[in-house]
Every structure is written in structure tokens, then in C-alpha cells.
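Here is a protein to look at together, one piece at a time. Take a moment to turn the structure around before reading on.

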Amino acid sequence: MALRVLIADDHALLRQGVRQVLELEDDIEVVGEAAGGHQAIDLQRSLRPDVVILDISMPDLNGVEAAAAIKRHDPDVGIVILTIHSDDPYVFAAVQAGVAAYVLKDVRPELLVRAVREAAAGRSYLNPSVAHQLMREYARLATGGGRTPMAELTGRETEVLSLVAAGMTNSQIARTLFISEKTVKNHLSRVFEKLGVSDRTNAALLAVRHGLSSPRVRQGSYVP
């Protein structure tokens, strides 16, 4: 029986190229294409593919978020991230989301095919440069590799970052923590500076990478 694959990327030309590579294989069938993360989730539920290939940078919902949602619905589906991003935060966030394979878009066609087959079999496959990054980071952590930037955050800054990772806007964070939006912005500025990032997305990805769980939130209050 052929492996059923769904491809999600907001660039039609890229989707077409991936389809052509995969359909050269007798045992792989591309059953659908999605142009965004939400569409990928919907098609995964209706088409039930064995493997979903996701880009990270999609306009409506990024590939890591889509992967997490798909795995919650179907833990057995194989997820392959196909992206230009080799940055540590993206890699660790993808692993946290349950991704089986992480490959870069300059990968050789035969290695993409291998990644799909490994993911379908429930095994992991990492682009060589990505594997090196993971090994380096785990070695650093295993040897107590020093104080991390996350450890430099104050308690309040950690709370704000947790709510950013939960997808809240500045106004929602302000209402939840009973502070002003200006104070939220000030906290975020310090968080970005300490973490060495320039935007909310990368700050949230770093939070996931370091195991910072999203706080439980109910209307108008923060529950530690």
C-alpha cells in the first residue's frame, strides 16, 4: 500500500516541486496540498494521510503550531518539517511539537524521500546540520552548560512570556495580569533584550524550547 502524503506550503511552486519528487516513487502518493496551517489541519482530518509535510513560515498558522495541533488529533501521523530555517529555536520547538523529521529546503531529493519514509515508520530523521545543533545543545545541557538567557528573566517577565507563548495579545496580557499595556510592552522589551530576539514569535519559540509551559488562564485572572 502506498504511503499517503499531504504537502503544506504557502508557495504553490514549492508544493509542485515536492509533489514531483515524491510521485517518482512507486510507494508514495500525494493525496492533497494545503496553502496554510489551518488548511493543513482540516485536510489531515479529512484525508487521513500517513505523513504531513509542513513549512514553518506560513501566513495563517506556522508549521510548528500546525504540527502540534495535528499530533494532538492524530498522534500516529508522521510530521516532516521542510523549511529554510535551521535556527535552534525552530528546531527545538518542532521537536517539542512531536515532529519526526526536520529537513531543509536545499536537501537532496532522495533525502526528502527518506525523511518521509522514516516519519511514516515512526522513526526520526534530521538534516545533518540540524542533528549537529541538537547534539551540541544536549551536550551543553548534560554538562550543566551555564546559565541560560531564560534564567535571567524576572518572575513577572516569565509570566508575560508564558502568556505570549499562549498566543495572547498585549491587551489580553494586561487584563490577565492587571497591569497596563505600556507595562506589558516594557516587560517585553526587556524580555527580547535578555533573550537576544527581536519579535514575539522567536521569544515564544525560545520559551517552548526551554520547557516554559503556558500558564492556566481564566477570564480576568492568572492561575499559577
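Before we get to pairs of helices, here is one term: a crossing is left-handed if the near helix is turned anticlockwise from the far one by less than a right angle, and right-handed if clockwise. Keep in mind, too, that what you see is a predicted model.

**The whole protein**

Let's start with the overview. The protein has ten helices and eight strands. Of its 224 residues, 47% are buried. Now take the contacts between residues at least 6 apart in sequence: 64% of them join residues at least 24 apart.

**Two cores**

In soluble globular proteins, nonpolar side chains tend to be buried together. Here, the largest nonpolar core has 29 residues, and those with the most contacts inside it are Val52, Leu54, Ile70, Ile79, Ile81 and Tyr102. Which elements give two or more residues to this core? They are the strands S1 (3-8), S3 (51-54), S4 (78-83) and S5 (101-104), along with the helices H2 (37-47), H3 (63-73) and H4 (88-96). H3 gives the largest share, with five residues.

Pick out Ile81 for a closer look. Leaving aside its neighbours within four places in sequence, Ile81 is in contact with Leu54, Ile56, Gly63, Ala94, Val99, Ala101, Tyr102 and Val103. There is also a second, separate core, this one of 22 residues, including Ala100, Val103, Val107 and Ala115.

**Two pairs of helices**

Two packed helices are described by the angle between their axes and the distance between the axes. Here are those values for two pairs:

| Helix pair | Angle | Axis distance |
|---|---|---|
| H2 and H3 | roughly 20° | within 9 Å |
| H7 (155-165) and H8 (170-177) | about 130° | 10 Å |

What does the angle of roughly 20° tell you about H2 and H3? Angles under 35 degrees count as roughly parallel, so H2 is roughly parallel to H3. The crossing of H2 and H3 is right-handed, in the sense explained at the start. On the H2 side, Gly37, Ala40, Ile41, Gln44 and Arg45 take part, and they meet Ala66, Ala69, Ile70 and His73 of H3. Sorted by class, this contact has five nonpolar, three polar and one charged residues.

Stay with H2 for a moment. Its buried residues are Gly37, Ala40, Ile41, Leu43 and Gln44. What covers them? The cover includes S1, strand S2 (28-34), S3 and H3. Just after H2 comes Arg48, with a positive phi near 55°.

Now swing over to the other pair. At about 130°, H7 and H8 are at an angle that makes H7 oblique to H8. H7 passes H8 in a right-handed crossing. The residues in contact are Arg156, Glu159, Val160, Leu163 and Val164 from H7, and Ile173, Thr176 and Leu177 from H8. By class, that contact has five nonpolar, one polar and two charged residues.

In H7, the buried residues are Glu157, Glu159, Val160, Leu161, Ser162, Leu163 and Val164. Following H7 you'll find Gly167, whose phi is positive, near 90°.

**Three residues to click on**

Try Glu118 to begin with, which is found in helix H5 (residues 109-120). Buried or exposed, at 17% relative accessibility? Buried means under 20% relative accessible area, so Glu118 counts as buried. Setting aside residues within four places in sequence, Glu118 is in contact with Arg123, Ser124 and Tyr125.

Next comes Asp55, in the loop between S3 and H3. Its relative accessibility is 4%, so Asp55 counts as buried. Not counting residues up to four places away in sequence, Asp55 touches Ala8, Asp9, Asp10, Gly63, Leu82, Thr83 and Lys105.

Finally, find Ile28 in strand S2. Ile28 has 6% relative accessibility and therefore counts as buried. How far apart are Ile28 and Val5 in sequence and in space? They are 23 residues apart in sequence, and 7.2 Å apart in space, going from C-alpha to C-alpha. Val5 is also one of the residues that Ile28 touches, not counting those up to four places away in sequence; the others are Ala2, Leu3, Leu22, Glu23, Val113 and Val116.

Definitions and conventions. Residues are numbered from 1 along each chain as its sequence is written. This is a predicted model: local features need pLDDT of at least 70, side-chain atom pairs count only at pLDDT 80 or more; totals for chains, interfaces and linings use all residues. Side-chain values use heavy atoms; hydrogens and water are left out. A nonpolar core is a set of buried Ala, Val, Leu, Ile, Met, Phe, Trp, Tyr and Cys residues joined through side-chain atoms within 4.5 Å. Buried means under 20% relative accessible area, exposed over 50%, partly exposed in between (1.4 Å probe, protein chains only). Helices (H or I, at least four residues) and strands (E, at least two) are DSSP runs, numbered from the N terminus. Contact means heavy atoms within 4.5 Å. Axes are lines fitted to C-alpha atoms, for helices over the stretch in contact, and angles run from 0 to 180 degrees between N-to-C directions. Angles under 35 degrees count as roughly parallel, over 145 as roughly antiparallel, 65 to 115 as roughly perpendicular and the rest as oblique. Ala, Val, Leu, Ile, Met, Phe, Trp, Tyr, Cys and Pro count as nonpolar, Asp, Glu, Lys and Arg as charged, and the others, Gly among them, as polar.
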